[in-house]
Amino acid sequence: MAHVAFFTIAAIAVASALGLILRPNAIHGALFLVVNLGSVAALYLMLGAEFLAAAQVIVYAGAIMVLFVFAIMVLIPGKEESGPDTHRGARLLAAPVGGLLLLLLIFVVVGRWSVPRGPEGPSGSAGAVGRLLFTSYLFPFELTSVLLLAAMVGVLLLARRRAG
Amino acid sequence: MVPESYYVVLSAILFSIGVVGVVIRRNPLVIFMSIELMLNASNLALVAFGQRFGNLDGQAVVFFVMAVAAAEVAVGLAIIVTIFRVRRRLSVDDLSVMRW
């Protein structure tokens, strides 16, 4: 049963990722990416990471994708990527190189999959992850807030219209 | 119970698709979305490994990756908007310099 659910969700994730990189329209790509992020959130749930599944839906599929859709709507006047492709040969080479990379990753990770199992998987509830974030990872957590503030100031500076 | 290695293989597949997307597309927004795909694939691998080894540190790292990705997207989109304002067209092939 779990296998059926996994393979269904995995097929949706791979298909939507392919849709993202193959459809010429950027807004279709953004919607495919939302589907992909949602299916990965479902996989988090299957792995017992409930807090991350919720954060994935809220932060990625919510906030980040809204930003993307806004940027696409503001920037893309009709069709994009028009005009002759001057690097077509190099781009066609991407498919075999990507396949090679995939084989390499699978070989490295699965070929050495002999590590002993740890103890029974912990619960990824908000309480457990939060306790970890506010004890062992307190300093990086505070640094993250500084990073977000810096990003916010930087974006305001970049997106401001120059006077005159 | 699905073995964790399945999740890692799926993560490798998604990561490779993201790499190919970065290479074959000319629209910087789609390239950005492919980078998000790669970050997401690595997050999935982190959670799967954390589950395998029975600790929560992988999930804490994923949380930080999400926060950094949010900051990165905001800054990156601001840069793209600024470039578009100056150049009036959007293709990575003519963006070889950051200053003009």
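## Val59(A) and the contact of chains A and B

In this predicted model, Val59(A) is partly exposed, because 18 other C-beta atoms lie within 10 Å, where 20 or more would count as buried, 12 or fewer as exposed, and C-beta atoms are placed from the backbone. Val59(A) belongs to helix 3 (residues 50-75) of chain A, helices being DSSP runs (H or I, at least four residues) numbered from the N terminus. Apart from neighbours within four places in sequence, Val59(A) is in contact with Ile64(A), Met66(B) and Ala70(B), contact meaning that C-beta atoms, placed from the backbone, lie within 7 Å.

Between the chains, the contact takes 70 residues from chain A and 62 residues from chain B. On the side of chain B that touches chain A, two or more residues each come from helix 1 (4-24), helix 2 (28-53) and helix 3 (57-87) of chain B, and helix 3 of chain B gives the largest share, 21 residues.

Helix 1 (residues 2-22) of chain A packs against helix 1 of chain B at an angle of about 5°, with axes 9 Å apart, the axes being lines fitted to C-alpha atoms over the stretch in contact and angles running from 0 to 180 degrees between N-to-C directions. The two helices are therefore roughly parallel, a term for angles under 35 degrees. Phe6(A) and Tyr6(B) are among the residues that make this contact.

| Set of residues | Nonpolar | Polar | Charged |
|---|---|---|---|
| Side of chain B that touches chain A | 45 residues | 12 residues | five residues |
| Contact of helix 1 of chain A with helix 1 of chain B | 15 residues | one residue | no residues |

Here Ala, Val, Leu, Ile, Met, Phe, Trp, Tyr, Cys and Pro count as nonpolar, Asp, Glu, Lys and Arg as charged, and the others, Gly among them, as polar.

Residues are numbered from 1 along each chain as its sequence is written, and chains are lettered from A and ligands numbered from 1 in the order in which they are written. As the model is predicted, local features need pLDDT of at least 70 and side-chain atom pairs count only at pLDDT 80 or more, while totals for chains, interfaces and linings use all residues.

Key
Contact = placed C-beta atoms within 7 Å. Parallel < 35°, antiparallel > 145°, perpendicular 65-115°, else oblique.
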